[in-house]
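Colleague: I've got the fold open on my screen and a few things I'd like to ask. Could you walk me through it?

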Amino acid sequence: MNSSTPPVALVTGASRGIGRGIAVALAKSGWRVGINFASNQSAADETLALVRAAGGTAEIIPGDVANRVQRQTMIDRTLVLFGRFDALINNAGVAPESRDDLLDGSEAAYDRVMNINLKGPYFLSQIAAKLMLSQIAAGTIPRGFIINISSVSAYAISTNRGEYCVSKAGMAMMTGLFASRLANENIVVHDVRPGVIETDMTEAVKAKYDKLLAEGLTPIRRWGQPEDVGACVAAILSGAFSYSTGQVFDVDGGYHLRQL
Ligand code: NAP
């Protein structure tokens with residue numbers, strides 16, 4: 001192992017959607033990529049083919065981020081396959097299976113979303129950060145990155161999917177916590193906050209957002225694409241923002257702007 005080999009990023013939930021966009025963008029930037037998925041092996045194979053078609057190197061890393069044992073296995077496997085570990089991209093996430101009014105949502109639905117969207121990334125970051133610290137001390141990697149893919153739902157209220165909003169708001173605090181703890185250890189932590197992105201997750205509400213976007217929901221009146229998020233993550237991992245940590249990167253067509 002040495003820092004002359006290309007750097008390595010594990011992208012959770014890279015089989016589809018935004019994670020796939022990130023995996024391909026990083027591969028094009030010279031990163032070797034761990035493509036994590038939970039259940040959809042054929043989609044992960046498609047991402048692998050896209051990375052290779054782009055001239056990149058990747059390995060598939062199965063694992064459920066909500067499972068403690070599998071979290072450890074995912075990190076271990078990435079290190080074994082590539083020989084170094086420079087970046088964790090906490091992208092895997094789910095929407096609630098049904099949109100229930102805040103007064104009716106069940107504990108089971110809350111636990112499912114929170115375990116995947118917040119508890120998983122929190123403890124995966126813990127494992128990854130310790131590994132990065134030991135590699136930095138050994139001179140194997142020069143620095144580390146943790147990128148959390150949260151959402152505009154970290155601050156925008158949807159009363160029919162409260163558990164999703166709470167999970168993303170928690171991820172925003174998680175970013176600050178890890179950024180602060182690791183700031184002087186050469187590991188930066190950022191919050192990439194997508195708006196309305198065209199993926200399987202938003203397929204069920206496509207007609208609703210087609211109309212809202214046409215009416216000006218976002219100042220840039222179009223759907224965001226996984227490539228838009230991938231480009232942002234690749235820019236951060238280029239090291240261009242060398243004196244920044246705990247930053248929010250809005251990739252939302254300007255949705256966060258307040259307008260009168
Ligand atoms: P998506 O198209 O539904 O893809 C979800 C990805 O997460 C898949 O690769 C899936 O793997 C993986 N995944 C789900 N549960 C997992 C688990 N327990 N362990 C490991 N991987 C798991 O979703 P997306 O739209 O790309 O969203 C990606 C992230 O961006 C999520 O965190 C989401 O909350 C966030 N986001 C999305 C939007 C949007 O508009 N789409 C906006 C803001 C934020 P399988 O293929 O194996 O199921």
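Modeller: Sure. One term before we start: helices here are DSSP runs of at least four residues and strands are runs of at least two, numbered from the N terminus. Keep in mind that this is a predicted model.

Colleague: Which loop holds Tyr243?

Modeller: Look between two numbered elements late in the chain. Helix H8 covers 226–237 and strand S7 covers 248–251. Tyr243 falls in the stretch that links them, the loop between H8 and S7.

Colleague: Is Tyr243 buried or exposed?

Modeller: The cut-off for exposed is over 50% relative accessible area. Tyr243 comes out at 83%, so the label is exposed.

Colleague: How far apart in space are Tyr243 and Pro142?

Modeller: Along the sequence, 101 residues separate them. Going from C-alpha to C-alpha, the distance between Tyr243 and Pro142 is 15 Å.

Colleague: Now the strands. Why is S2 called largely enclosed?

Modeller: Check both faces of the strand, residues 32–37. Arg32, Gly34 and Asn36 are buried on one side, and Val33, Ile35 and Phe37 are buried on the other. S2 is largely enclosed by the rest of the structure because the residues that count as buried are six of six.

Colleague: Which strands pair with S2?

Modeller: S1, residues 8–11, runs parallel to S2 over four bridges, with Val8 partnered by Arg32. The chain gets from S1 to S2 through helix H1 (residues 17–28), in a right-handed β-α-β crossover. Five bridges also tie S2 in parallel to residues 58–62, where Phe37 sits opposite Pro62. The partners are S1 and S3.

Colleague: Which helix joins S2 and S3 in a β-α-β unit?

Modeller: That unit is right-handed as well. Its helix spans residues 41–53, and that's H2.

Colleague: What is the bridge partner of Ala9 in S4?

Modeller: S1 and S4 run parallel, joined by three bridges. On S1, Ala9 points the same way as Val11, while Val8 and Leu10 point the other way, and all of these are buried. Across in S4, the partner of Ala9 is Ala87.

Colleague: Is Asn90 buried or exposed?

Modeller: Asn90 lies in S4, residues 87–90. Beyond its neighbours within four places in sequence, Asn90 is in contact with residues including Thr12, Pro121, Ile147 and Met174. The cut-off for buried is under 20%. Asn90 has 2% relative accessibility, so it counts as buried.

Colleague: How much of the ligand's accessible area does the protein cover?

Modeller: There are 32 residues around the ligand, with Ser15, Ser39, Asp64, Tyr164 and Thr199 the closest. An N or O atom in the Asp64 side chain is 2.7 Å from a ligand nitrogen, and a polar backbone atom of Asn91 is 2.8 Å from a ligand oxygen. On its own the ligand has 910 Å² of accessible area, and the share the protein covers is 94%.

How values were computed. Residues are numbered from 1 along each chain as its sequence is written. This is a predicted model: local features need pLDDT of at least 70, side-chain atom pairs count only at pLDDT 80 or more; totals for chains, interfaces and linings use all residues. Side-chain values use heavy atoms; hydrogens and water are left out. Buried means under 20% relative accessible area, exposed over 50%, partly exposed in between (1.4 Å probe, protein chains only). Contact means heavy atoms within 4.5 Å. Two strands pair if DSSP finds at least two bridges between them. A crossover is right-handed if, with the strands pointing away from the viewer, the path from the first strand over the helix to the second runs clockwise. A residue is near a molecule or strand if one of its heavy atoms lies within 4 Å of it. A polar contact is a pair of N or O atoms within 3.5 Å; within protein, one must be able to donate a hydrogen and the other to accept it, and residues adjacent in sequence count only if both atoms are side-chain atoms. Accessible areas come from the Shrake-Rupley method with a 1.4 Å probe; for residues, only the protein chains shown count as cover.
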